[in-house]
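Dear colleague,

I am passing on the structure we spoke about, and below it you will find my notes on what turned up in it. Please read them with the structure open beside you.

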Amino acid sequence: MNHEIKPLNVLVKGLLLFLLFNLVIAAWQPRVGQFSLYNILYPGRERLPFGENPKQSYNLSLFNLDAMFASHVIAGTPKADDEFRVIVIGDSSVWGTLLKPEETLIGQLNEASLNACKKNVRAYNLGYPTISLTKDVMMLSYGMQYDPDLVIWMTTLDAFPNEKQTSTPLVANNEANVRGLATSYGLRVEADDPNFEKKSFWEKTFVGDRRSWADIIRLQIYGVMWSATGIDQFYPAEYEKAKTDLDADESYHDLTSPLNEDVLAINALGAGFHVAGETPMLLVNEPMLISAGANSDIRYNFFYPRWAYDEYREIMFDLSERNGWAYVDLWDVIPANEFTNSAIHLTPAGEKLLAENLAPYILENCK
Amino acid sequence: MALDRILILAAASLLCGIFLRERGRAWFLLIASVLVIFWLQPALPIRGFDFWTPIATLVLVVLTWYFTADDETRKQRKNTIVLLIVASVVLLLNLTRFVPQLQIFTASRPPQLETTLIIFLISGLTLLALSRLTRFSASFLTLGLILTIGLFLTLKVPALTYWTSYALRSLTGQSLDGTRNTDFVWLGFSYVAFRLIHTIRDRQMGRLPSVDLGEYLTYVIFFPAFTAGPIDRIERFIKDLRAPFAGLTLGTFYPASQRLLLGLFKKFVIADALALIALNDTNALQVKSTGWMWVIVYAYAFQIYFDFSGYTDIALGIARLLGIKLPENFASPYLKPNLTQFWNNWHMTLTQWFRAYFFNPITRWLRSWQKPLSMPMMILLTQVATMLLIGFWHGVTWNFTLWGLWHGLGLFIHNRWSDMTKAKAATWAGTPAKQAVLNISGILLTFHFVAFGWIFFALSSPVASWQVLLKLFER
């Protein structure tokens, strides 16, 4: 038998196999993100992966929801009989910018060792640091697979403007998921929304989509450092405090009074409750900084002019009353000195105070 | 070196291998190497010095060749042609100052043309003056040696690098605030210095082959090996350079491309992935548990191996496309059963260089004493001194000093232990199974000794290194 290897044949066969592999990947689009080393080789993350400086935070932003959730501790934690499972969705204030996992609202709720319906409350952080109700609904639909007993949806006016719904990269890169929610739960999405990233056939091949594949692999590798250090965020030694001296500016996203469903994605709230189905959901207007500096008679903070925010609160009360939604308005429960680098980011003490304010509603909503 | 640059160099080398022959290849190697030393030099905060440092490399190499060449070779007309072509390439690069679209070979806009011309004039006058001397004195070679070592120290001692940066900033009229020792980076000088010292010492010993300027320049700044070695010997290199080159054949292309691909995989897949979790100054203080500390120490040990041996494979692969067979630098060093064998197989060309130009001469000198030292004392002195020097080659700092000391003492202890137990070990390991046990335990012990040594190497602070070592054995 002749065992001589002909390099040219090896090269040609190798190239053909690689081409075939690329075509199969493009046609099949396997959900490789579901396979994760988290919760197997190392513990799951306490919050979803997000990071703009991976080498310092041992964390990175990616758009593959399967991989993101597979890396989360909730994916590897079977629900115990005595567990009252609470998932919390929302923006960076929930995720916990500048906070360690145990300092976030979720960390503080777990620290409080609450007992609801004779079960131990265990909260999971499914917040993600971009503000959009559509993004929240998308995360909620993923979170529902983990059988929560209660959903807490922390939100604020800035998540409502229609223009912000699909512009966040996580939503823009998950068109199929969002359209699925539109079909199943009536989430409003424009048919020709230009924000969605369309991938050509070639961009779906292994070579064309190499960035996504690399992100999934990097996420697995950074799991080592997450496990070794418990760090999943870069904590700067100093940061600029949220502004309290504000411009005399009444504008808000080019919107005018009165705010209504034409300009706000109020429909997404309904879709969210629809997604939650029988599971109780508590809608929370999250705390914000109420500044007392220059022009605070015009604006509450950097984000909101008073007129817009006041109208928003009225809309939320009306909506929740009309729809029978469990709604809590905690907009002013945190003193101004407990905010960090943004009008919605809290200090650890602020989060503790928020958890204390929220705890009674958790107990109320158990069934 | 970034992946795109490696691929460009590999493609250029492939084209050279396919289309050029003999003289064409020789000119390609020279001109490409000159261009590459400008291309790879990173931007520096000191104005103009990312252009001046490659010029300084060229001037230094030309002067060293002049000192080391024999009279007959020195007088050959082709040297003048080489000199003119190299100068023309540099001047053309300098002229891209006026055409921003062509500034692809320099990290920043090249400086004033007049300054380059003045440097050329001074260098030319120096060469002219030297050529008027009827005979060379050995002291010129010693002077060259001292100059090269002096420059080397300037770049490796942080305080000296700082003051050099300070002086150069003053010279260029730049602000002295924020002067850092990292301001002055002379890419490839470590390897250039080794090659220069090798030729100077061989000339002093009368064993340097006769090489013309083109061959000498190509040897010292040969682009595949410019930044990360290996450190070839000139007599071996010119043998390949002078060998008939009938172009790239499939028989050469396959092993060359295989080596190149292996190197790319080692460096850009394995090493870069391990780099995300390998020990460094930041994570050394962040790791919470002993188990994970072991993981990041192991990750560093493998990362440094795959990174360095990957670069070597890339250099060997590209060089083979050009018809040059560079020497091997790594031969499964982590699978060696003792430290002596580890060092015979890790960065082999560096250890061979130190053996030839430091360890052997110093041993001979110590033996020549009227009252020679005892053998163990002599071994201790030479091993520790050699490893300390290898440490200093990476930088004259406490962490590299400790790393050198660690290995120097390790080699000494192994030497003594091996001497004492050789006979007993041979008797005990009478069966293949016992031999395997001995071998595997030797490999594990050696690997861990080396891995612990990397802790000193990886961390800039000896205190942090000590804390990591403690953490590894914490209960």
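**What was found**

Pro258(A) sits in the loop that runs between helix 9 (210–229) and helix 10 (266–276) of chain A, and the bond that joins Ser257(A) to Pro258(A) is a cis peptide bond, with omega about 0°. Please keep in mind that this is a predicted model. A second cis peptide bond joins Gly229(B) and Pro230(B), where omega is about 5°, and Pro230(B) has its place in the loop between helix 10 and helix 11 (234–242) of chain B.

Two backbone angles also deserve a look. Ser113(A), in the loop between helix 5 (105–111) and strand 2 (115–116) of chain A, has a positive phi near 45° although Ser113(A) is not a glycine; Ser113(A) is exposed, having 9 other C-beta atoms within 10 Å. Glu22(B), which belongs to helix 2 of chain B, likewise is not a glycine and has a positive phi of about 30°, and with 14 C-beta neighbours inside 10 Å Glu22(B) counts as partly exposed.

Turning to the interior, the largest nonpolar core holds 128 residues, of which Val86(A), Val88(A), Ile296(B) and Tyr300(B) touch the most other members. Helix 13 (residues 290–321) of chain B gives this core its largest share, 11 residues. Apart from this core lies another, of 72 residues, which includes Ala32(B), Val90(B), Phe184(B) and Phe223(B).

Leaving aside residues up to four places away in sequence, Ile296(B) touches Ala228(A), Ile277(B), Ala278(B), Leu279(B), Asn283(B) and Val287(B). One of these, Ile277(B), lies in the loop between helix 12 and helix 13 of chain B and counts as buried, because it has 23 C-beta neighbours inside 10 Å, where 20 or more are required. With the same sequence neighbours set aside, Ile277(B) touches Ile221(A), Val224(A) and Met225(A), as well as Ile296(B) and Ala299(B).

Where the two chains meet, 11 residues of chain B are in contact with 11 residues of chain A. Helix 12 (250–275) and helix 13 of chain B each supply at least two residues of the chain B side, and the largest share of that side, 3 residues, comes from helix 13 of chain B. By class, the side of chain B that touches chain A has 8 nonpolar, 2 polar and 1 charged residues.

Helix 5 (residues 77–95) of chain B has 19 residues, which at 1.5 Å a residue should span 27 Å, and this agrees with the 27 Å between its end C-alpha atoms. Its buried residues are Asn79(B), Val82(B), Val86(B), Val90(B), Leu93(B) and Asn94(B); seen down the axis of helix 5 of chain B, the buried residues fall within an arc of 115°, so they line one face of the helix. The face turned away from that buried side carries exposed residues, namely Arg77(B), Lys78(B), Thr80(B), Leu84(B), Ser88(B) and Leu92(B).

Finally, the domain assignment of chain B gives domain 1 (22–242) and domain 2 (331–472), and the centres of these domains, taken over C-alpha atoms, are separated by 34 Å. The contact between them takes 12 residues from domain 1 of chain B and 9 residues from domain 2 of chain B, and helix 9 (residues 189–204) of chain B supplies the largest share of the domain 1 side, 5 residues.

With best wishes

Technical notes:
Residues are numbered from 1 along each chain as its sequence is written. Chains are lettered from A and ligands numbered from 1 in the order in which they are written. This is a predicted model: local features need pLDDT of at least 70, side-chain atom pairs count only at pLDDT 80 or more; totals for chains, interfaces and linings use all residues. A nonpolar core is a set of buried Ala, Val, Leu, Ile, Met, Phe, Trp, Tyr and Cys residues joined through C-beta atoms within 7 Å. A residue is buried if 20 or more other C-beta atoms lie within 10 Å of its own, exposed if 12 or fewer, and partly exposed in between; C-beta atoms are placed from the backbone. Helices (H or I, at least four residues) and strands (E, at least two) are DSSP runs, numbered from the N terminus. Two residues are in contact if their C-beta atoms, placed from the backbone, lie within 7 Å. The expected span of a helix is 1.5 Å times one less than its number of residues. The arc is that of the directions from the helix axis to the C-beta atoms. Ala, Val, Leu, Ile, Met, Phe, Trp, Tyr, Cys and Pro count as nonpolar, Asp, Glu, Lys and Arg as charged, and the others, Gly among them, as polar. Domain bounds come from an automatic or database domain assignment.
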